[in-house]
Amino acid sequence: MHEQSAGATEENRELTIHLPRDTVGAEEAGIALHEAKARGLRRASVPPMDITIRAATDEDIPRIVELVADRIGDEDSAEAEMVLRDAAFDRKRWFVAASGQDVLSTAGVFPGQLTMGGVTVGAGAVEFVATQEAAEGRGLIRKLMDHIHSTASTRGEMVQWIVGITYFYRKFG
């Protein structure tokens with residue numbers, strides 16, 4: 001079930017996803033995933049949780065930096081922190097999938113332009129895409145990408161692109 005949070009505007013929308021059953025932390029979900037992997041299963045029965053897709057906040061920065069370091073690398077985490085703390089960067093371009101204060105997944109959208117056949121349109125480069133290992137298998141990146149696409153026009157984007165992950169973006173049309 002999806003719902004737009006009360007008081008959300010087109011420019012600053014939040015999406016809350018209610019997954020059935022009781023709410024749990026990502027750490028508990030990770031136990032189920034690790035147990036399934038140890039048994040050679042491809043998917044685990046992961047406990048449910050409420051997940052909010054929203055723009056990053058100042059409070060999220062340390063968790064985003066830690067997530068990027070863990071999943072992508074220390075060099076990228078230093079760059080992510082630099083961007084997130086830069087007053088010139090529009091924070092509404094960095095998104096998280098969060099359960100409470102826990103940042104489970106993240107992606108940043110960097111402004112650009114694309115010119116084809118003499119026509120130039122606003123575009124966004126999606127980078128720093130990462131999900132906690134314990135939260136894998138919940139479709140969080142798909143939910144983040146859906147949110148990035150659904151809010152693109154408010155950022156003046158007609159196109160988004162991602163580089164560095166072969167075939168990844170094809171999943172999102």
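With a relative accessibility of 64%, Gln-113 counts as exposed. This residue belongs to strand S5 of a model that is predicted. Beyond residues up to four places away in sequence, Gln-113 touches Thr-120, Val-121 and Ala-123. Gln-113 and Ala-125 are separated by 12 residues in sequence, and their C-alpha atoms lie 9.5 Å apart in space.

The secondary structure of the protein consists of 4 helices and 7 strands. Along the sequence these elements follow the pattern β-β-α-β-α-α-β-β-β-α-β. Of the 173 residues in the protein, 43% are buried. Where contacts join residues at least 6 apart in sequence, 62% of them link residues at least 24 apart.

Confidence varies along the model. The mean pLDDT of the protein is 78, with 66% of the residues reaching 70 or more. Among the elements, helix H2 has the highest mean pLDDT, 96, and strand S1 (residues 2-4) the lowest, 42. The pLDDT is below 50 over residues 18-33, a stretch that nevertheless has 42 contacts in the model beyond near neighbours in sequence. Residues 42-46 likewise stay under a pLDDT of 50, and the model has 10 contacts for them beyond four places in sequence.

The buried residues of helix H2 are Ile-61, Ile-64, Val-65, Leu-67 and Val-68. Viewed down the helix axis, the buried residues of H2 fall within an arc of 165°, and they therefore line one face of the helix. The cover over these buried residues includes helix H3 (74-85) and the strands S4 (94-99), S5 and S6 (119-131). On the face of H2 turned away from the buried side are the exposed residues Glu-66 and Asp-70. Gly-73 follows H2 and has a positive phi, near 145°.

Two residues outside H2 illustrate its contacts. Ser-77, located in helix H3, has a relative accessible area of 6% and is buried. Apart from neighbours within four places in sequence, Ser-77 is in contact with Val-65, Val-68 and Ala-69; of these partners, Val-65 and Val-68 are among the buried residues of H2. Thr-131 is placed in strand S6 and counts as buried because its relative accessibility is 12%, under the 20% limit. When neighbours within four places in sequence are left aside, the contacts of Thr-131 are Leu-67, Arg-71, Leu-104, Ser-105, Glu-136, Leu-140 and Ile-141.

Helix H2 also takes part in a pocket. The second largest pocket has a volume of about 190 Å³, and its lining is made up of Arg-63, Glu-66, Leu-67, Asp-70, Asp-102, Val-103, Gln-132, Glu-133 and Ala-134. The elements that contribute two or more residues to this lining are helix H2 (61-71) and strand S5 (102-116). H2 supplies the largest share of the lining of the second largest pocket, with 4 residues. By residue class, the lining of this pocket comprises 5 charged, 3 nonpolar and 1 polar residues. Leu-67, one of the lining residues, is also one of the buried residues of H2, whereas the lining residues Glu-66 and Asp-70 are exposed on the face turned away from the buried side.

Leu-144 is located in helix H4 (residues 140-150). At 0% relative accessibility, this leucine counts as buried. Not counting residues up to four places away in sequence, Leu-144 touches Ile-53, Phe-95, Val-96, Ala-97, Ser-105, Thr-106 and Ala-107. Leu-144 and Thr-52 are 92 residues apart in sequence, with a C-alpha to C-alpha distance of 9.8 Å. Ser-105 appears among the contacts of Leu-144 and also among those of Thr-131.

Lys-92 is found in the loop between H3 and S4. Its relative accessible area is 32%, so Lys-92 is partly exposed. In sequence Lys-92 and Val-109 are 17 residues apart, while in space they are 8.9 Å apart, C-alpha to C-alpha.

Conventions. Residues numbered from 1 in each chain as written. Predicted model: local features only at pLDDT ≥ 70, side-chain atom pairs only at ≥ 80, totals over all residues. Heavy atoms only, no water. 1 Å grid on protein atoms, 1.4 Å probe; cavity = no way out; pocket = protein on both sides within 12 Å on 5 of 7 lines; lining within 4 Å. Points joined across faces, edges and corners; volume = space filled by probe spheres on them. Nonpolar A, V, L, I, M, F, W, Y, C, P; charged D, E, K, R; others polar. pLDDT = per-residue confidence, 0-100. Contact = heavy atoms within 4.5 Å. Buried < 20%, exposed > 50% of the residue type's maximum accessible area, 1.4 Å probe, protein only. Arc of directions from axis to C-beta.
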